[in-house]
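Grab a coffee and open the viewer. Here are some short exercises to work through, each with its solution.

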Amino acid sequence: MMKKLLLGAVGLCALGIAAPAVAADLAVKPYTKAPAYVAAIYDWSGLYFGGNAGYGSSRESWSLVTPGTGLLRPEGNHNANGAVVGGQIGYRWQVGTWVFGVEGQGDWAGLKGSNVNLVTPALRDQTKVDAFGLITGQVGYAVNNALFYVKGGAAVTGNKYNELNVAGIPVTNGKDTRWGGVIGAGFEYGFAPNWSAGINYDHLFMGTRNDGFVNAAGALVNTQRISQDVDLVSLRINYKFGAVPMMGMGMGMMGMGK
């Protein structure tokens, strides 16, 4: 009996000695609260370049200029439609959520259309728009990696004109490179630190010009007054040099318990 009491007393003493050490160890053990969510903030600033492809439609209105008097004889209207493909290069500055930029764009165009000449029904008036260029300024609003923008500036088109006979052979031809204005809007989405893709719309106001038409021998045959407006819709992809997306700063909470 004495032996059992002695063993019990020793056990209680050992437990009493160990308990403060365990409690102290538990008291000084730190705990860490999960850090706050860190949100990416996309940076649109920097030099970029890319490619675009889409569809265009050019509305053409022709009138024959009467020699001597300058009176106009309307010959009809047509749309020259087709694909466009090209490239762009630009630079953007981001100030808070506002984004400002400048951009140059050059495209090959395959816009083509014709109508029956209302003055001479045996002929067809044909337009081909084979190239265009844009120099624009941009103002945009960024929601992280989504950018909405409007644009405006100067535009230039390269055009070829033909009067075709019933066999489709040109009997007279003319051409011009004309300057005008452009306004547009677009949306761009940054899908990687330096890559973005989007959709863009432009309307070109190319005005009216008088163009001399010549025959196969190069002799002047007549003068046509031609007005032009162009609508363009294109998909684009850009690669941007410069800063990668910045990270929003969050502070985790850390505490010490006793």
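Before the first exercise, one convention: two strands count as paired if DSSP finds at least two bridges between them. Also keep in mind that this is a predicted model.

**Exercise 1. Work out which strands close into a barrel, and in what order.**

Solution. Start with the general idea: strands of a sheet pair through backbone hydrogen bonds, either parallel or antiparallel. Now follow the pairing here: eight strands close into a barrel, and the order is β3-β4-β5-β6-β7-β8-β9-β10. The pairing is antiparallel. From one strand to the next, the twist averages 15 degrees.

**Exercise 2. Walk from β6 to β9 and find the bridges and the residues that face each other.**

Solution. Step one: β6 (residues 124–143) pairs with β7 (residues 146–164) over 19 bridges, in the antiparallel sense. Q138 stands opposite K151 in β7.

Step two: β7 is joined to β8 (residues 170–192) by 19 bridges, again antiparallel. Here T157 stands opposite R178 in β8. These two strands form a hairpin with five residues between them, and G168 in the turn has a positive phi of about 80 degrees.

Step three: β8 pairs with β9 (residues 195–214) over 12 bridges, also antiparallel. N173 stands opposite V214 in β9, and this hairpin has two residues between its strands.

**Exercise 3. Classify the ring pair of Y42 and W44, then decide whether each residue is buried or exposed.**

Solution. You need two values, since a pair of aromatic rings is described by the distance of the centres and the angle of the planes. The model has 11 aromatic pairs. For Y42 and W44, the centres are 4.8 Å apart and the planes make 55 degrees, so the pair is tilted. Next, the accessibility: buried means under 20% relative accessible area. Y42 counts as buried because its value is 5%, and W44 is buried too, because its value is 2%.

**Exercise 4. Find the rings under the charged end of R92.**

Solution. Check Y48: the charged end of R92 sits over this ring, 4.5 Å from its centre. Then check Y149: the charged end of R92 sits over that ring as well, 5.9 Å from its centre.

**Exercise 5. Decide which stretches to read with caution.**

Solution. The mean pLDDT of the protein is 86, with 78% of residues at 70 or more. Residues 1–26 fall below 50, and this stretch has zero contacts beyond near neighbours in sequence. Residues 247–258 are below 50 too, but have 22 such contacts. Where pLDDT is low, the predicted coordinates should not be read in detail.

Notes:
Residues are numbered from 1 along each chain as its sequence is written. This is a predicted model: local features need pLDDT of at least 70, side-chain atom pairs count only at pLDDT 80 or more; totals for chains, interfaces and linings use all residues. Side-chain values use heavy atoms; hydrogens and water are left out. Helices (H or I, at least four residues) and strands (E, at least two) are DSSP runs, numbered from the N terminus. Axes are lines fitted to C-alpha atoms, for helices over the stretch in contact, and angles run from 0 to 180 degrees between N-to-C directions. Rings of Phe, Tyr and Trp (its six-membered ring) pair if their centres lie within 6.5 Å; planes under 30 degrees apart count as stacked, over 60 as edge-to-face and the rest as tilted. Buried means under 20% relative accessible area, exposed over 50%, partly exposed in between (1.4 Å probe, protein chains only). A charge sits over a ring if NZ of Lys or CZ of Arg is within 6 Å of the ring centre and within 35 degrees of the ring normal. pLDDT is the predictor's confidence in each residue, from 0 to 100. Contact means heavy atoms within 4.5 Å.
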